[in-house]
Amino acid sequence: MFENLSERLSGVFDRLTKQGALSEEDVKTALREVRVALLEADVSLPVARDFVKKVQDQATGQAVTKSVTPGQQVVKIVHDALVDVLRGEGDPGALKIDSPPAPILMVGLQGSGKTTTTAKLAKRLTEREGKRVLMASLDTNRPAAMEQLAILGKQIGVDTLPIVKGEDPVAIAKRAKTQASLGGYDVYMLDTAGRLHIDADLIAQAAAVRDVANPRETLLVVDGLTGQDAVNVATEFDDKIGVTGVVLTRMDGDGRGGAALSMRAVTGKPIRFVGLGEKMDALETFEPDRIAGRILGMGDIVALVEKAQETIEAEQAERMMRRMVKGQFNMNDLRMQLEQMLKMGGMEGMMSMMPGMGKMAKQVEEAGFDDKVLKRQIALIQSMTKKERANPQILQASRKKRIAAGAGMEVSDLNKLLKMHRQMGDMMKKIGKMGKGKMLKQAMK
Ligand code: GDP
C-alpha cells in the first residue's frame, strides 16, 4: 500500500556519488521524501514540517558512514530523531499507583477501545505487579457498556464494582473509592463514558468524576487509526481534564501510527501503552523505535540501523587500533575495549581472534575474566575524571582512593586494572613495531 521509504530514497541517491559529508542538497532531497512518508503515515502537516526542519539541521554536514548509502544514513538520522521525539521521560509502563487505593481514570471517545483497555491494563497490573484491582464502569448512558466490563472482569479474574441501576457517574466513582478502601484494593480504575465526538456534557462529566476521584493517572485512550483527529481529541481532553498519558489502540491494524508522533509533539504527553488486538493480553508498553520504524514505513529499518551502527562501531575500533599501535592507548580506549569484549563474549573470545595474543589470552583466562569482572573494570574507569582517563599516568594515591571508593571497590582492584592497561599498551606498541599494524588490520577484517 505504502511505498517503502528506503526504496524511494535509493532512487534519489543512486544518482549521487559519495562524498565525505552529507551535503545540504543531499539532505534536502532525502527529507522531501521523508516528509511525504510522514504525511502518508498520518502525521499532521505542521508536525511533519517542524520535524523535518529539525532533522535537516542535524543531518547537514554529518560525516558519511562507509558502507551505507547517504540515503540510508539520512533514514537512520530521521529514525533516531523520531525515537527522540516519541520517547517520554522514564519508563512508559510505570504508572503512579503507589499509595493504595490508587485511582486511575480512563477517558476517551466511544469506540476508542477504552473498556477493553481498562480490562487489559487491570489484567496486566494484577499479573505482572501483583496488584489487587477493582474496575468500575461509569457509562450510565449505555448499560451494555457496564455489562461488558463486568463480563471482561470475570474473564480475567478482576473484580468489578456491582452495578446499581439509576446511579450517576459521580456517585459510582464515590462508591468505587469507598469500596476500594474497604476492600483493601491497591488500584481502582474508572472507565468513564464515551461519546462519538467530544461535547461539553462529556467533558463536564469527566471533570466532575476527576474532582471526586483525584486520579493518580488519567489515561486517554485513542484509536491509533484515526490519525489527524486524534490530535484534536488529545488536546481537548488534556486542556479540560488533564491527561497523564496516552494509550494508542488498534496498532495491530494497517495504520502507520503517525498519530503517535503528532500527539506527542502537540500535547507533549507520553504514550504509555499500545493495544495490539482484541485479546486481553494484547497490550504492550510503548516502544518508540517500533513506532518510528512503522511511521517511516519500513520493516527493514531495524536491520538497516543496526548495519549502520555496526559500521560506525567498526570505524571507531579502527581508529582505536591506529591509536593503540602508536602507543596512544588511554583509559577511554580501554573502556571501549572492555565494552566491546562484553558484547563479544568476553576477553578470551576476542583475544583468540587476534594473532600474537595467545599468551595474553591464557593470562586472561587464569585471571578469571568474566562479565562481572569486565563490568567492575568499566565501573572503575567511569569513576575517573575526563582528565584522568586521558592521562592515567597522573593517578596518585589520593586520586586512586577516590576512584576506587567511587566505584565501590578497593585501590588494589584499581591497581590491577592499571597494570593490565600498561601491559596491553606495551603489547600494542610491540605489535605495531613488528608488523606496522598489518597484523591487527588483518585481525579486524
Ligand atoms: P469503548 O467504546 O471505547 O469502550 O471501546 P471498546 O473497548 O468497547 O472497544 C471497541 C472495539 O474495539 C471492541 O470490539 C474491541 O475488541 C476493539 N478493540 C479495542 N482495542 C483494540 C486493539 O488494540 N486492537 C483491535 N484490533 N481491536 C481493539
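The central sheet of this predicted model is open and is built from eight strands in the order β3-β2-β4-β1-β5-β6-β7-β8, with mixed pairing. Strands are DSSP runs of E of at least two residues, helices are DSSP runs of H or I of at least four residues, and both are numbered from the N terminus. Two strands are taken to pair if DSSP finds at least two bridges between them. Strands β3 (159-160) and β8 (283-285) stand at the edges with a single partner strand each, so one side of each is left without a neighbour in the sheet. In general, strands of a sheet pair through backbone hydrogen bonds, in either a parallel or an antiparallel sense.

The model is predicted, and local features were considered only at pLDDT of at least 70 and side-chain atom pairs only at pLDDT 80 or more, whereas totals for chains, interfaces and linings use all residues. Residue numbers start from 1 along each chain as its sequence is written.

The protein contains 20 helices in addition to the eight strands. Of its 445 residues, 39% are buried. Here a residue is buried if 20 or more other C-beta atoms, placed from the backbone, lie within 10 Å of its own, exposed if 12 or fewer do, and partly exposed in between. Among contacts with a separation of 6 or more, 76% are between residues 24 or more positions apart; a contact requires C-beta atoms, placed from the backbone, within 7 Å.

Strand β1 (residues 102-108) pairs with β5 in the parallel sense over five bridges, and five bridges also join β1 to the parallel strand β4 (residues 187-191). On the β4 side, P103 stands opposite Y188. On the β5 side, L105 faces T218 and G108 faces V221. Seven of the seven residues of β1 are buried, so this strand is largely enclosed by the rest of the structure. The burial extends to both faces, with A102, I104, M106 and G108 on one side and P103, L105 and V107 on the other. Ahead of β1, the peptide bond from P100 to P101 is cis, with omega near -5°, and P101 is located in the loop between α4 (70-86) and β1.

Strand β5 (residues 217-223) is mostly covered, six of its seven residues being buried. Strands β5 and β6 run parallel and are joined by five bridges, with T249 of β6 as the bridge partner of D223. Strand β6 (residues 245-249) in turn pairs with strand β7 (residues 271-275) in the parallel sense over three bridges, and V247 stands opposite F273 of β7.

Two residues other than glycine adopt positive phi values in loops that adjoin these strands. N214, with phi of about 55°, lies in the loop between α8 (200-213) and β5. N214 is exposed, having 9 other C-beta atoms within 10 Å. The C-alpha atom of N214 is separated by 8.9 Å from that of I104, although the two residues are 110 residues apart along the chain. R250 has phi near 60° and is placed in the loop between β6 and α10 (258-267). In contrast to the exposed N214, R250 is buried, with 20 other C-beta atoms within 10 Å.

The shell around the ligand comprises 17 residues, of which G113, K114, T115, T116 and G275 come nearest. A residue is assigned to this shell if its C-beta atom, placed from the backbone, lies within 6 Å of the molecule. Helix α5 (residues 114-129) gives the most to the shell, with three residues. By class, the shell has two nonpolar, 11 polar and four charged residues. In this scheme Ala, Val, Leu, Ile, Met, Phe, Trp, Tyr, Cys and Pro count as nonpolar, Asp, Glu, Lys and Arg as charged, and the others, including Gly, as polar.

An unreviewed UniProt entry annotates residues 270-283 as "domain: SRP54-type proteins GTP-binding". UniProt positions are given in the numbering used here with shortened feature names, and such annotations may be inferred rather than shown by experiment. Over residues 270-283 the chain is 0% helix and 43% strand, and the end C-alpha atoms are 16 Å apart.

Terms used
Contact = placed C-beta atoms within 7 Å.
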